[in-house]
Amino acid sequence: IRASQWAPNLVITESLFRGNGGDGITFESFLELGSFGQIRNCTIQGNAGIGVRHTPVTLFGPTVRNSILWGNGAPGAAQIVGTHFGPMDSSVQGSTTGVGVLDVDPLFVDAAAGDLRLASGSPARDRGAGVGIDPDAPDLAGRYRIFDDPVVPNALPGALDAIDLGAFEASPYVGDNSECAAVPNSTGRAGRVHALGSARVA
């Protein structure tokens with residue numbers, strides 16, 4: 001995808017960029033101040049070019065948060081080029097520049113086959129910050145985004161609403177979204193029920 005200064009507040013979220021012949025995402029700026037775009041909870045993997053490119057290098061660039069940039073370009077190539085502000089709470093191959101940036105294989109289920117969900121034991125699980133995320137907003141596959149895995153320690157100290165990095169939220173539950181409809185309770189909000197294993201919920 002290519003974004004110009006004419007879309008300075010563009011927000012790209014819950015998206016997958018894979019297998020492109022060029023860059024995953026390119027922000028183009030022609031003004032000195034640059035572009036203020038945002039990339040949140042995206043998986044950018046297996047593109048021939050750079051994962052995220054900001055050109056030219058200006059005072060401000062797009063922000064990258066809760067995302068995974070892995071396996072883009074030639075071996076050893078930079079995953080982010082020209083972004084003035086370093087990524088936050090993300091997994092970036094070959095770099096730890098930024099705040100809470102992890103340079104460890106995110107362990108996709110099967111990257112070669114295009115399955116970029118997070119496998120069991122992935123360091124990208126519960127690694128992101130859920131601040132400002134709508135608790136009812138789904139991930140790319142339609143799963144609830146803020147879904148804390150009790151088996152995985154939250155990476156951010158004190159975070160009760162940690163989320164997974166990338167476009168897909170991992171879930172240990174049957175069918176990932178084994179839920180039944182619920183009517184609003186006394187608070188006016190609908191409840192949410194998840195079935196674990198082969199449990200039967202009536």
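In strand β10 of this predicted model, I80 is the bridge partner of V52. That pairing belongs to a protein chain with 13 strands and zero helices. Of the 202 residues in the chain, 41% are buried. The points below treat the chain as a whole, then its strand pairings, the residue R40 and the nonpolar cores.

**The chain as a whole**

- Read along the sequence, the pattern is β-β-β-β-β-β-β-β-β-β-β-β-β.
- Among contacts with a separation of 6 or more, 63% are made by residues 24 or more positions apart.
- The protein chain has an accessible surface of about 10200 Å², and carbon and sulfur atoms account for 57% of this area.

**Strand β7 and its partners**

- Strand β7 covers residues 52-55, and its side chains alternate between two faces. V52 and H54 point to one face and are buried, whereas R53 and T55 point to the other and are not.
- Strand β4 (residues 25-28) runs parallel to β7 and is joined to it by four bridges. Within this pairing, F27 of β4 stands opposite H54.
- Strand β10 (residues 80-81) also pairs with β7 in the parallel sense, over two bridges. The V52 and I80 partnership lies between these two strands.

**The open sheet of four strands**

- Strands β3, β6, β9 and β11 form an open sheet in the order β3-β6-β9-β11, with parallel pairing.
- The edges are taken by β3 (16-18) and β11 (91-92); each has a single partner strand, so one side of each is left without a neighbour in the sheet.
- Strand β9 (residues 68-70) and β11 run parallel and are joined by two bridges. Here I68 stands opposite S91 of β11.
- In general, strands of a sheet pair through backbone hydrogen bonds, in either a parallel or an antiparallel arrangement.

**The hairpin of β12 and β13**

- Strand β12 (residues 108-110) and β13 run antiparallel, with two bridges between them. F108 stands opposite L118 in β13.
- Four residues lie between the two strands of this hairpin, where G114 takes a positive phi near 85°.
- Side chains alternate along β13 (residues 115-118): L116 and L118 point to one face and are buried, while D115 and R117 point to the other and are not.

**Residue R40**

- R40 is found in strand β5, which spans residues 38-40. With a relative accessible area of 29%, R40 is partly exposed, because that category lies between the 20% limit for buried and the 50% limit for exposed residues.
- R40 and S15 are 25 residues apart in sequence, and their C-alpha atoms are 8.5 Å apart in space.
- Beyond its neighbours within four places in sequence, R40 is in contact with V11, I12, T13, E14, R65 and S67.

**Nonpolar cores**

- The largest nonpolar core has 14 residues, of which I25, I39, I44 and L69 touch the most other members.
- Another core, of 10 residues, lies apart from the largest one and includes L116, A124, A167 and A170.
- Leaving aside neighbours within four places in sequence, L69 is in contact with I44, G51, V52, V64, Q79, I80, S91, V92 and Q93. These contacts include both V52 and I80, the bridge partners named at the outset.
- In soluble globular proteins, nonpolar side chains tend to be buried together.

How values were computed:
Residues are numbered from 1 along each chain as its sequence is written. This is a predicted model: local features need pLDDT of at least 70, side-chain atom pairs count only at pLDDT 80 or more; totals for chains, interfaces and linings use all residues. Side-chain values use heavy atoms; hydrogens and water are left out. Two strands pair if DSSP finds at least two bridges between them. Buried means under 20% relative accessible area, exposed over 50%, partly exposed in between (1.4 Å probe, protein chains only). Contact means heavy atoms within 4.5 Å. Accessible areas come from the Shrake-Rupley method with a 1.4 Å probe; for residues, only the protein chains shown count as cover. A nonpolar core is a set of buried Ala, Val, Leu, Ile, Met, Phe, Trp, Tyr and Cys residues joined through side-chain atoms within 4.5 Å.
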